[in-house]
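Thanks, everyone. I have one structure to walk you through, and I'll keep it short.

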Amino acid sequence: MSESIQSAGIEQCESKMGTYLAIISIGSNFGNREKNVRNAIEWLSSNDDVIIIKRSDIYETPEVYGNGSAYINAVAEIGTSLSLRLLTDRVKKFEISSGRNSECRDLGLVPIDIDIVVWNQEVIRPKDFSCDFFKIGYLAMNDNNG
């Protein structure tokens, strides 16, 4: 991540929210994919403990291994007062409430997937960070808002 992007995001986070800065990946390959991603973004926005600092547009990418349905994706930079564990718990509960379950997982159907890829400037999901489904949105988000 570039130094100027890190600084700008941290300053906004500290002045508007709390302590932590995260970059998340949002994706869906099942059902109304675009609506699922938009609903996840709205859900994040509606949380009192989260502020969306910036986000990418919504875009489509092929399934990572090339043998499943294409995904609709977005990437967002957020500020939060929640710890990594609490934010992860909330995100996973939202995924379940949106229809994500073991049966869908076994079939490769993903109504919604939200992953915290970067936490306080540390890449915590390096595989996701290097994949196109994340890189496209991350780079576009920073080009459009940097």
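I'll take the pocket, then one serine, then the cores, then one asparagine. Keep in mind that this is a predicted model.

Start with the pocket. The largest one has a volume of about 510 Å³. Its lining takes in 28 residues. Which of them lie nearest the centre? Those are Glu-63, Val-64, Tyr-71, Val-110 and Asp-113.

Now the chemistry of that lining. By class, 11 residues are nonpolar, 8 are polar and 9 are charged. Several elements each supply at least two lining residues. On the strand side, these are S1 at 20-28, S4 at 71-80 and S5 at 113-119. On the helix side, they are H4 at 102-107 and H5 at 126-130.

Next, Ser-28. This serine belongs to strand S1. Is Ser-28 buried or exposed? Its relative accessible area is 0%, and the cut-off for buried is under 20%, so Ser-28 counts as buried.

What does the Ser-28 side chain reach? At 2.7 Å there is the backbone oxygen of Pro-111. The backbone oxygen of Val-110 is 3.3 Å from a polar atom of that side chain. Look further along the sequence, beyond four places, and Ser-28 has a list of contacts. Among them are Arg-33, Asn-36, Val-37, Tyr-71 and Ile-112. So two names come back from the pocket centre: Tyr-71 and Val-110 are both contacts of Ser-28.

On to the cores. In soluble globular proteins, nonpolar side chains tend to be buried together. Here, the largest nonpolar core holds 21 residues. The members touching the most others are Ile-24, Ile-26, Val-37, Ile-78, Leu-87, Ile-112 and Ile-114. Strands S1, S4 and S5 each give two or more residues to this core, as do helices H2 (33-46) and H3 (84-97). Which element gives the most? That is H2, with 5 residues.

There is another core, apart from that one, with 10 residues. Its members include Ile-23, Tyr-59, Val-75 and Phe-133.

Back to Leu-87 for a moment. Leave out residues up to four places away in sequence, and Leu-87 touches Val-50, Ile-78, Thr-80, Leu-82, Ile-116 and Trp-119.

Last stop, Asn-142. You'll find Asn-142 in helix H6, residues 132-145. This asparagine is buried too, at a relative accessible area of 10%. Asn-142 and Lys-54 are 88 residues apart along the chain. Their C-alpha atoms are separated by 8.4 Å.

That's my tour. Over to you.

Definitions and conventions
Residues numbered from 1 in each chain as written. Predicted model: local features only at pLDDT ≥ 70, side-chain atom pairs only at ≥ 80, totals over all residues. Heavy atoms only, no water. 1 Å grid on protein atoms, 1.4 Å probe; cavity = no way out; pocket = protein on both sides within 12 Å on 5 of 7 lines; lining within 4 Å. Points joined across faces, edges and corners; volume = space filled by probe spheres on them. Helix = DSSP H or I, 4+ residues; strand = E, 2+ residues; numbered from the N terminus. Nonpolar A, V, L, I, M, F, W, Y, C, P; charged D, E, K, R; others polar. Buried < 20%, exposed > 50% of the residue type's maximum accessible area, 1.4 Å probe, protein only. Polar contact = N/O pair within 3.5 Å; in protein donor to acceptor, adjacent residues only side chain to side chain. Contact = heavy atoms within 4.5 Å. Core = buried A, V, L, I, M, F, W, Y, C linked by side-chain atoms within 4.5 Å.
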